[in-house]
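Biologist: I am new to this structure, and I would love a close look at one part of it. Could you walk me through where the chains meet, step by step?

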Number of protein chains: 2
Amino acid sequence: MPTPPVFDLQFQQQLDALFRWRRDVRHFKTDPLPSGLLDNLLETATLAPSVGNSQPWRFVVVEDQNCRKAIRDNFEACNQEALKDYDGQKAETYASLKLSGLDRAPAQVAVFCDSHTTVGQGLGQKTMPETLKYSVVSSIQTLWLSARAQGVGIGWVSIIEPDMIKEILDIQQDSWDLVAYLCIGYPEEEHDVPELVRFGWQDRLPFDQTVLRR
Amino acid sequence: MPTPPVFDLQFQQQLDALFRWRRDVRHFKTDPLPSGLLDNLLETATLAPSVGNSQPWRFVVVEDQNCRKAIRDNFEACNQEALKDYDGQKAETYASLKLSGLDRAPAQVAVFCDSHTTVGQGLGQKTMPETLKYSVVSSIQTLWLSARAQGVGIGWVSIIEPDMIKEILDIQQDSWDLVAYLCIGYPEEEHDVPELVRFGWQDRLPFDQTVLRR
């Protein structure tokens, strides 16, 4: 059996810096990723935990320009609809935010959950079937951190219609549900403060507002 | 503005080791965590991404022994029910698996999502409201990695009834939904292979079965 690694204080501090500088990226350079990097990142994502070891993540690497355009059009339409929910100053701020990197990100991946997978044989899902999709989210956060450690940014686009994305990508598997659409590439800028904080949309919550004791 | 960190090859390799050695832990030492460590870990978890910066994670630190016993009883009942779904050799294997560390884990945290939070003002949730719960999952994976880097193991228990757990913990907020119940403490053993693989329940999938191209 291999020897377990020892993570020293220096690593712990760098890991903390990784969490602090991760960011949801919407401003990408158009430079392509080096050959093989995306596959390596996706393989790392499969080291995430999954309920009953079900590994329900299904990654669809989107390269076709027609697909990308149709997805961007769907985002633009949904974003216009969402804008209608805000008035006055809030609407102005919303309209000024850049909420996706679909225009420039060199790599794009739609992440699905196989909600009827038999892998893992249902273990752990009986009372909380939603843990299958949660497993896919864990793989996305793993991907995100691994990418950032290599200088690669990720932006998670949720202002889209899942069924439309599935149709655009011609995904025939009934049991596949869209969990996320990811833009991936080198960021134009690096920040330790989220864009929605910097542009006055939403500050960080005080930590003590998120903890109760029983 | 602070200088962005540079993550070198050594860090990248250690991060990869962290992903490989994370593990879902069910066998805990009873040694308590050092004072303050759990709060530090939970605060690190709040560095996770969240849709519209909604920060919907709500952590309930469970110390009361009556609550812990009631939760463990709920797990035992659910686990007996789940066992009935399997026959023959599969049922024998299921019954032999240790599926929670509720008996010994020195720290336990119920993680909820505030599904009606106004923080973030709904940004990004209109077409995919489930991203609010996904944000909470991202915070759990962040917590998990930060803990493991400090030698602390986490086990995610899903074989429980969410509404019962909420009742046991006397959570009055209607809008709070249980996402996970976590056992936290020092692991009895360290492994780079998941327990469900080692005990013959479910092997790893070949990577190429999880990727499509469009």
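Modeller: Happy to! One term first: two strands count as paired when DSSP finds at least two bridges between them. Please keep in mind that this is a predicted model.

Let's begin with a strand pairing that joins the chains. Strand β1(A) pairs with β5(B), which spans residues 211-213 of chain B, in the parallel sense over 3 bridges. Within that pairing, Val60(A) has Leu212(B) as its bridge partner in β5(B).

Now widen the view to the whole contact between the chains. On chain A, 78 residues are in contact with 78 residues of chain B. The elements of chain A that contribute two or more residues to this side include β1 (57-61), which we have just met, along with α1 (9-20), α2 (37-45) and α5 (131-149). The biggest contribution to this side comes from α1(A), with 9 residues. Sorted by class, the side of chain A that touches chain B holds 42 nonpolar, 21 polar and 15 charged residues.

Helix α2 of chain B, residues 37-45, is a good place to look next. Its buried residues are Leu38(B), Leu41(B), Leu42(B), Thr44(B) and Ala45(B). Because they cover an arc of only 155 degrees around the axis, they lie on the same side of α2(B). In general, an α-helix has 3.6 residues a turn, so residues three or four places apart point the same way. The buried residues of α2(B) pack against elements of both chains: α1 and β5 of chain A, and β1 (57-61), β2 (107-114), α5 (131-149) and β4 (176-185) of chain B.

What about the nonpolar interior? The largest nonpolar core has 108 residues, and among those with the most contacts inside it are Ile184(A) and Ile184(B). Beyond its neighbours within four places in sequence, Ile184(A) is in contact with residues including Leu38(A), Ala107(A), Val109(A), Ala147(A) and Ile154(A). As a general tendency in soluble globular proteins, nonpolar side chains are buried together.

Finally, here is the setting in chain A. This chain has 7 helices and 5 strands, arranged along the sequence as α-α-β-α-α-β-α-β-α-β-α-β. Its radius of gyration is 19 Å, close to the 17 Å that the globule rule gives for 214 residues, so chain A is as compact as a globular protein of that length. Of those 214 residues, 45% are buried. Among the contacts in chain A with a separation of 6 or more, 87% link residues 24 or more positions apart.

Conventions: Residues numbered from 1 in each chain as written. Chains lettered and ligands numbered in written order. Predicted model: local features only at pLDDT ≥ 70, side-chain atom pairs only at ≥ 80, totals over all residues. Contact = placed C-beta atoms within 7 Å. Helix = DSSP H or I, 4+ residues; strand = E, 2+ residues; numbered from the N terminus. Nonpolar A, V, L, I, M, F, W, Y, C, P; charged D, E, K, R; others polar. Core = buried A, V, L, I, M, F, W, Y, C linked by C-beta atoms within 7 Å. Buried ≥ 20, exposed ≤ 12 C-beta atoms within 10 Å, placed from the backbone. Arc of directions from axis to C-beta. Rg over C-alpha atoms; globule rule 2.2 N^0.38 Å.
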